[in-house]
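Dear colleague,

Please find below the structure that I am handing over to you. My notes on it follow, arranged by topic.

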Amino acid sequence: MNNELDIHIGVNPARCYQCGKCSAGCPLADDMDFTSNVVMRMLQSEDESLDKELLQSQAIWLCASCEMCISRCPMEIDIPKIMDYLRQQSIAKGLQNKSANKNIISFHHSFLDMIRFTGRSYEIGMIADYKLRSRKLLQDLTLAPKMFLKGKLPLFPEMVKDRKNIKRIFKHIDT
Ligand code: SF4
Ligand code: SF4
């Protein structure tokens, strides 16, 4: 998948020389099945079975896009962008590991749906969508009234004016 990444997102994992600085600084490395430098090595191999393992991995969903890795990488390889591409490919190919990453994947879809329909952050809509998807209907329910009273949860969404552009971006992603 090395060449594919270079063509589609302009990031080339072949530049990685396995110094390990990215994984050493990653706050989630201990919980990942493949740390970021291992992900780079798997991508470099251009081995289809390793590509499939990556798309089924937990690591791509655990990555929080915190950008610690890219700030430490001597080659400035944009690992969060790679992880994002792998997540999208994992969904597109139906390879996402739903049992291990169910809640993260539900949140991912809820967040994208919120942006797709409003172009902005709309917490109440996103929380409702997430609860339906994850079936965690009662979790954290007591927090909602407090946040609402503090004005942290606006009742109605604020829509971006240029919805056409949002549609265009999602059309590009979906195809
Ligand atoms: S962006 Fe992802 S891989 Fe990089 S340090 Fe943060 S959690 Fe780890
Ligand atoms: S820090 Fe950069 S060069 Fe070093 S292992 Fe990670 S991706 Fe490769």
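**The surroundings of ligand 1**

Ligand 1 has 13 residues around it, and those that come nearest are Cys26, Cys63, Cys66, Met68 and Cys69. Two elements, H6 and H7, each give two or more residues to this shell. The largest share comes from H7, which gives 3 residues. By type, the shell around ligand 1 holds 10 nonpolar residues, 2 polar ones and 1 charged one. Please bear in mind throughout that this is a predicted model.

**The surroundings of ligand 2**

Around ligand 2 there are 15 residues, the closest being Cys16, Cys19, Cys22, Asn37 and Cys73. Here the elements that give two or more residues are helix H2 (21-25) and helix H3 (36-44). Of the elements, H3 gives the most to the shell around ligand 2, namely 3 residues. This shell divides into 9 nonpolar, 4 polar and 2 charged residues.

**The chain as a whole**

The secondary structure of the chain consists of 11 helices and 0 strands. Read from the N terminus, the order of elements is accordingly α-α-α-α-α-α-α-α-α-α-α. Along the principal axes, the C-alpha atoms fill a box of roughly 50 × 35 × 30 Å. The chain has 175 residues, of which 22% count as buried. Among the contacts between residues at least 6 apart in sequence, 62% join residues at least 24 apart.

**Helix H1 against helix H7**

Helix H7, which also contributes to the shell around ligand 1, meets helix H1 as well. Two packed helices are described by the angle between their axes and the distance between the axes. The axes of H1 (residues 2-9) and H7 come within 11 Å and cross at roughly 100 degrees. H1 is therefore roughly perpendicular to H7, since angles of 65 to 115 degrees are counted in that class. On the H1 side, the contact is made by Leu5, His8 and Ile9, and on the H7 side by Lys81, Ile82 and Tyr85. The residues of this contact comprise 4 nonpolar, 1 polar and 1 charged.

**A bend in helix H8**

Helix H8 covers residues 98-118 and bends by about 40 degrees at Ile104. Just after H8 comes Gly119, with a positive phi of about 80 degrees.

**Two glutamates with positive phi**

Which loop holds Glu67, and is this residue buried or exposed? Glu67 lies between helix H5 (59-62) and helix H6 (68-72). Its phi is near 70 degrees, a positive value in a residue other than glycine. Glu67 is exposed because it has 12 other C-beta atoms within 10 Å, and a residue with 12 or fewer is classed in that way.

Glu76 is found in the loop between H6 and helix H7 (79-92). The phi of Glu76 is near 50 degrees, again a positive value in a residue other than glycine. With 10 C-beta neighbours inside 10 Å, Glu76 therefore counts as exposed.

**Summary**

To recapitulate, the chain has 11 helices and 0 strands. H7 gives the most residues to the shell around ligand 1, and H3 gives the most to the shell around ligand 2. H1 is roughly perpendicular to H7, and H8 bends at Ile104.

With kind regards

Technical notes:
Residues numbered from 1 in each chain as written. Chains lettered and ligands numbered in written order. Predicted model: local features only at pLDDT ≥ 70, side-chain atom pairs only at ≥ 80, totals over all residues. Helix = DSSP H or I, 4+ residues; strand = E, 2+ residues; numbered from the N terminus. Buried ≥ 20, exposed ≤ 12 C-beta atoms within 10 Å, placed from the backbone. Near = placed C-beta within 6 Å. Nonpolar A, V, L, I, M, F, W, Y, C, P; charged D, E, K, R; others polar. Bend = angle between axes of the 7 residues up to and from the residue. Axes fitted to C-alpha atoms, helices over the stretch in contact; angles between N-to-C directions. Parallel < 35°, antiparallel > 145°, perpendicular 65-115°, else oblique. Contact = placed C-beta atoms within 7 Å.
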